[in-house]
Every structure is written in C-alpha cells, then in structure tokens.
Amino acid sequence: MICKRLPPIAARYRAKFALGGGADKSLRQKGNNSSSCISTKGTRNSSFPFFRRELCSFSAFIPPPPAVTVERKQTQQREYSQLQNNSSIEQAQKMSEFNTIARPSTHGKLLEDKTFFPDLPGRGPLTPYRKQATVDWRKLKLCFHDEASLALQHRVWAFARKHPLFAHPNHSLTMDEERHLATKRMYVVQNEKMFTMFDYLERPDLATIYHQAWLAYEPSLAVKYSLGFGMFPSVVRTLDVGRLDEIVERNATGEYLGAFGLTEIAHGTNAKGMRTTATYDPAAGEYVLHTPDFEAAKCWIGNLGKTCTHLIVYAQLYTADGKHHGLNAFVVPVRDPTTLQAYPGVTVGDLGAKAGLQGVDNGFVMFRQYRIPRDNLLARTGDVNEQGEFVSPIKDPAKRFGASLGALSGGRVGICGLANVYLTKALSVALRYSASRKQFGPDDSEEEWPVLEYQSQQFRLFPHLAANQVIRVFNLWFAKAYGDMQLKMLGGENIGATGMEVHALSSAAKPVCTWAARDGVQECREACGGHGYLKLSTIGDLRGNNDPNCTYEGENNVLIQQASNWLLSVRSKGYEKFAEVSPLGSARFLAQYATLSKRKANWAGATDAGSIANQLDALDWLVAYLLEESFQKMSALKQQGKSSFEARNDVQSFFARTLSITYGERMLLDVFAKFLAHLEAGPERQTLERLGALYGAGIILRHVGVFYQGGYFAAQPNAMALLQQAVLDLLPTLKRDAIAIVDAIAPPDFILNSPLGMSDGDVYRHMESAIMQAPEALERPKWWRDVVQRDYVQSKL
C-alpha cells in the first residue's frame, strides 16, 4: 500500500516562522507591549491568531521549533526578570536560574490575591498545626513560582474544575471507559491552546508547569496529550528538513494524532539491535517498511493501541545496493484519520491492561512490505537522494544515531518533575491524614494524639518531604537550564559541552528522582494504614502511575550507566578537564580532585553534621572517591585482559552505579543550596534549610559505609551518631511547619481528589460521603443467589 503525500503547503507554514518575516515582526511588537502571553490574571493575549489557532501545545518534553533569534530570547528574559520582581531587580536576576521570586515578602498585593492564595479552612483537625506554623504558606508557595507560572497553573486547574467533561467519576471505570474519557479530554485540551509554541519561545520552563498541572489532574490525559500533540510534532520539527510541515499542521488542528515508536518486543534499551527495516526503492521513490517477526514488532507506544493516525518509527535503513545505514526515523501513517482503520500492510493492536495509566492506549505495530514516500524520512541527520544514495553531514554512524535521538533528551528532564508530582500528591494526603487521625496518647490522659506527633511517623514521612522539596527546586533549575540550552542551540550557538552534561546529568537525575518518588509514594501508602489501601485514597493509583517513570526514556539501572560513562571518560583525560566540560557545574568541582581527595570530616557536633555546607563538602569527596575507585577498578580489569565492554559490565556494582547515584544526589543538593543562598532571610528559608539538611543527612547515611571505607570519617569515628542526632533534632522542628508546607505545595482539593487529604482535614466525613455514594455500596450483589442457594456446589451426601 502506498500512502500518498498530501499537497504541500510548507511555504505558508514556513512564512509564519521565517526570521524577519511577518510572524517574527509581530512577536517583536508584542514584546514591546507585554512581558508574557500569560497575563497576571490568567487571561491570554489574542494578538496572534495564527499561533493561537494552529500551533500545537507543548509539554515538558518539548524542544522549541526552528525559528527563534537570540535577540528575541534576550528581550524576553529581560521582560520576565522585570515581571518576577519589580521591587528588587538585582535579587530577581539572582534567581533567574529558577524563574522564581527571591523576596516573596515584597509581593504583598500578590500574596493577598485569593485567586492564587485562597483562604484555608478556619476550623478542623488541621487548624492547630496551621496556628503553630512559623512559616507563611503563601510566601513558601511563592518561593517556587513567579506570577506567570501561578497564572498558568491556575488557568489549567480552573478550566478542569469548571468543564463538565472533567468532573471526577463517582465509580471505577473500565479500561475502555478510561481510554474513551482520556481521549475526549485530550482533544478538548488540545483545542483550548492554553500553552502554545509561542508561549514556549517566551518561557520554555513554563512548559514544565503546564504539563505538571495536567498530570496532577489526571495522568492518562496528560500523557496522551504530551505524546500526541507535544512530543510527536516536536520530534518531526527537530529532525525534518521542511518536507513534512503539513503533517505537523494537521496534527496541530487535531486531524492527525501522533505517537512515537522506538522500542520493539525483543529490544528496548539496546536500540541498535532493533530489526524493523526500511529499504529504499529508487524506482518508486519509496521506502518499504517490514517487520520480520513478532519479536521485531514496535511496542509500548502510547496512543498507538486505539487512537493515533501517524507514528514516528525508528527502523534500520537499507539502500538498494544492500548497504546498511543504521537506525533512522520515519513518519509513518498507520490509520485512516477518517475511519481509524489500519491501512493495508499495517497490523496494529493494543497491548492490553497495565499496572497503571489505564487511560493510555499502549499498542504494537507490524509492517508487511508497507510503502511510504521518500519524503517521510526525517532527514536532518541523513537522507537518501533521488539517485538512491545515502548522504549525511555526520559520517560516524554512532554519532548520527545519537543526534537522531537528541530530540528526546528533554524527556528525562521532564520525567524528574512528573515523578515529583506524584510524590507531592501522596505526601499531601499522608501528612494531612497523619495530622487528622488520632491514635493512643499519654498514660495520664484520655486525649489521643494525632499520629503526626509520633517520632516514628515523622521519621518515615519527613525525609520524603525533604526529598520532594529538593527535587522541586532541582526541577525548576533543570527545566530552565534545558530550555535556555535549546534556545541557544536554535539561535546558532554551540552547545556541545552543555548538551553532553545535560545528557549525563539527566541520566543520573532521572533514576534518583523517580526512585525517590517510588519509595516515597509507597511509604505514604503504608503511613495511611488500611485507609491508604482504599482506591478512594488515590495513593494506590499514584503508585501505579508513577511506576513506569522508572522505565520509559531509559530503564533506570541501564540509563544511569550513561552518567558514570561520561564521568569516567572525562577522568581518563585528566581531572583538570572537568573545568572545561561542565558549564552547568555538575562536575566542575572534580577539577579540584587533588584537594578533595585529602578532605576529612571535622564535625564538632550534630549541628555541623546537619549543615548543608558540610554535607556538600562530604558529597564532593564521595563523588571524587567513587570516581577514582571506579576508574582504577576498570583499569585493573582491562589490564587483566578484559575488553572495555566487559570492564564496564564488571565495574557497575558497588562502583560505577553508586558513582552515578551520588553524582545525581550531590547535584540536587548543590542546586538547592544555591536556591537558598539567594532567597530572602526569614522563617520560610529556615524551614527550607532544615529540609535540605534532612535530605543531605539522609544521603550520607545511605552511603555511610563508603565514607568509612574511604577514610572520610577517619578522624570522626562518631560521625554516624552525629548524623543520626542531626536527623532527630530536625524532626520536631519540621513537625511545626509540616502542614503549612503541604498547604504550599498541595494542589486544590478538586485536583488532589482524595478524602484522606482534603484541606479541611475532615477525613471521616469525606470518607463517609465517598463510600456511601459509591454505586451499589448499600445494595446486595446481583449474584446474591449464588451466596444463598449455592446450586453450583455438588452435595457430598
């Protein structure tokens, strides 16, 4: 079957994006009048109907389109700095790494805005904790936002709360019902164009806010939308050479729904081993796609199971002379957009039920000598000319393959934040529940204590709350850094070193962040006891929905090797090279290895052990120590005759894997420390410092054996005891502010959607309402006769 290409309209599309053209001129005019397309009231500027009408919305995964100038970027950055903090330009500039407000106390008018900071319930079980808090939850919330991000988040949640299609069902849906509802919601969101490509160009980091806001509401919708109208057009724009503009336009209107297909049944992480082929037929000017067997079927593709029309397929490219040119990406129509029937030559199906994200239709596809036009190759990294010859500006096949996957690098950056959304919701439920539920009490009193008063409950939940805040700040920084890198690249700047560091850092941070969410959500489930196991608590759904974060965009245990590979590669050239290859600063400190390696702990007491500065000193040493140990271990293995492949394999456990984890953990805390350094003094910063110290102490305690093994605690034999005491000292001080912290990070009750975690703390009333209103809760089962009559049981008499 030949998929005919639609009539080209690329010229019209490109004219809208042309540098110096009409759209660009309009953008410049707008830049003189408004600092953001998202106003402080959550309304939108409608001066650009083309952008509002035709461009697809973007998720946290999306790099920007190929039309932006450095001048525009610089102008927008200046405008947003002014928006963030008009009263203190210098301080706002210091926080430009995060796009947050450094001095919340100077924003009195914003703090009084009930749109963003509604009054909390004045009565109920949570009231005593709110009264004893030392922090203002509104100021704490503002530490993580600016006005534009608050407006965008509110816009999303207000839309969901008011639209009838987004009302929460009062009963469990079947898988088909979940997918149907998620699909309808996806198209409604796509039609609204709340966050467009133009918005992304102004503030790339707001894409993270936008996607996380939808994920907090309902993850299946968010994932389908991101894949179909975010990732798909983004990858096409990034890798296309102007031949497939119409497909992008029809995707933007909703006529085409996209998906992304790399993984195969028998090959996931080892992408080079994939076996789907695309053979060029020069006589017809077409590629012939073929799947040799079921093991080579593309699978786990979101939107493919039931709904997508077009798919980005990675296939092994062969020219007519039989030469192999590696894995390349193609845009492949798989279903008729008017009937959703698969085209002849395409076998497409659904993978069935999963442990979570049931609303996402993950599917598989097989091709039987299926033909697509020559233009459907995404040819930025390599093309086949009309003579049937493969040509590429990148001669090295490995580098060419890496470049073709470069459009995906933002995925791991985004996943760090997505996982933290799940953790935020779980902590909001568990901590509010812990403050509301009372059990036992002192022997001399009949009054029961909230379970949050017990040290054991604090010890199991507060470290996860600390990790949540550290990861939150890291995500703000990483989203901003990644967005800036993309704009620099598209502005013509060389971002080679930054790109390599982003790849390495995201390969470490994604496992660290998703494992933190996995462990934290599970602890929250257990901390809520039996009620936490009820589906109505929503924690079970959070657990199942977060789980795939540990797998897609790189299975954590395999992905994390990319970080240690980079560190070891730089180490082989000498430690001084780290000063040149780490523009983001994640590894620059390693250039001082000679000094770091001699460092020893010298803590006078628990206060020193709980100092973030001292903890970072320790983590600097730890990463340096593990890097050198891993390097020497690998060198020794090679000297024993092992290949580089075998040496890398044999150095993972206890060495390279731990190196990658500590490299990621150290960077999270380092970014958090920089954030605190520029935050105004006050109780909010003090509370965040305590959370950072608790996170740092937890890292060191997890790796305490390595510290003793390497001699860092040689002069501090009681280091572990000091760390333990530091943790115990932090717990009661954090307890005072725990509910205020939750108030600052929790989404509205409609979004949180858990009777156990409502803002009024009235757990049992909300449970009663949910249980009593559930369909058939008070009715006998339809199969009651099988209980009473039991005629299916054979009598033994």
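**View 1. A hairpin joins β2 and β3 in this predicted model.** Let's start at the turn: four residues lie between the two strands of the hairpin, and Gly285 adopts a positive phi near 65°. The strands β2 and β3 (residues 286-290) run antiparallel and are joined by five bridges. If you would like a pair to find on screen, look for Thr277, which stands opposite His290 in β3.

**View 2. Strand β2 also pairs with β5.** Here the pairing is in the parallel sense, with three bridges linking β2 to β5 (residues 310-318). Ala278 has Leu317 of β5 as its bridge partner. How many of the five residues of β2 are buried? Four of them are, so β2 is largely enclosed by the rest of the structure. While you are looking at these strands, keep in mind that side chains in a regular strand alternate between the two faces of the sheet.

**View 3. Thr263 and Gly302 carry a UniProt "binding site" annotation.** The annotation comes from an unreviewed entry and covers these two residues. They are spread over 40 residues of sequence, yet they cluster in space, with a largest C-alpha distance of 11.3 Å. Thr263 sits in the loop that connects β1 (258-261) with β2 (277-281), while Gly302 belongs to strand β4 (residues 298-302).

**View 4. The surroundings of Thr263 and Gly302.** Not counting residues up to four places away in sequence, Thr263 touches Gly268, Met274, Ala297, Lys298 and Cys299. Thr263 counts as partly exposed because its relative accessibility is 26%, which falls between the 20% and 50% cut-offs. Is Gly302 buried or exposed? Gly302 is buried, because its relative accessible area is 7%, and buried means under 20%. With neighbours within four places in sequence left aside, Gly302 is in contact with Leu227, Ala259, Val360, Asp361 and Asn362.

**View 5. Glu553 is the "active site" position in the UniProt record.** This feature, too, is taken from an unreviewed entry. Glu553 is in the loop between α19 (539-546) and α20. A relative accessible area of 23% makes Glu553 partly exposed.

**View 6. Helix α21 and what covers its buried residues.** Follow α21 (residues 561-571) and you will meet these buried residues: Ala563, Ser564, Trp566, Leu567, Leu568, Val570 and Arg571. Which helices help to cover them? Among them are α18 (496-527), α20 (556-559), α22 (578-581), α25 (612-639) and α27 (652-677). A handy guide for reading a helix: an α-helix has 3.6 residues a turn, so residues three or four places apart point the same way.

**View 7. Asn420 in helix α16.** This helix covers residues 409-436. Asn420 counts as buried because its relative accessibility is 4%. Leaving aside neighbours within four places in sequence, its contacts are Asn468, Ile471, Arg472 and Asn475.

**View 8. A nonpolar patch on the surface.** Trp783, Val787 and Val788 make this patch, which amounts to about 330 Å². Where is Trp783 found? Trp783 lies in the loop between α32 (763-773) and α33 (784-788). With a relative accessibility of 55%, Trp783 counts as exposed, since exposed means over 50%.

Definitions and conventions
Residues numbered from 1 in each chain as written. Predicted model: local features only at pLDDT ≥ 70, side-chain atom pairs only at ≥ 80, totals over all residues. Heavy atoms only, no water. UniProt positions renumbered as here; feature names shortened; annotations may be inferred. Buried < 20%, exposed > 50% of the residue type's maximum accessible area, 1.4 Å probe, protein only. Contact = heavy atoms within 4.5 Å. Patch = residues over 30% accessible without salt bridge, like charges linked within 9 Å, V, L, I, M, F, W, Y side chains within 5 Å. Areas by Shrake-Rupley, 256 points an atom, 1.4 Å probe, with all protein chains shown as cover. Salt bridge = Lys/Arg side-chain N within 4 Å of Asp/Glu carboxyl O. Pairing = 2+ DSSP bridges.
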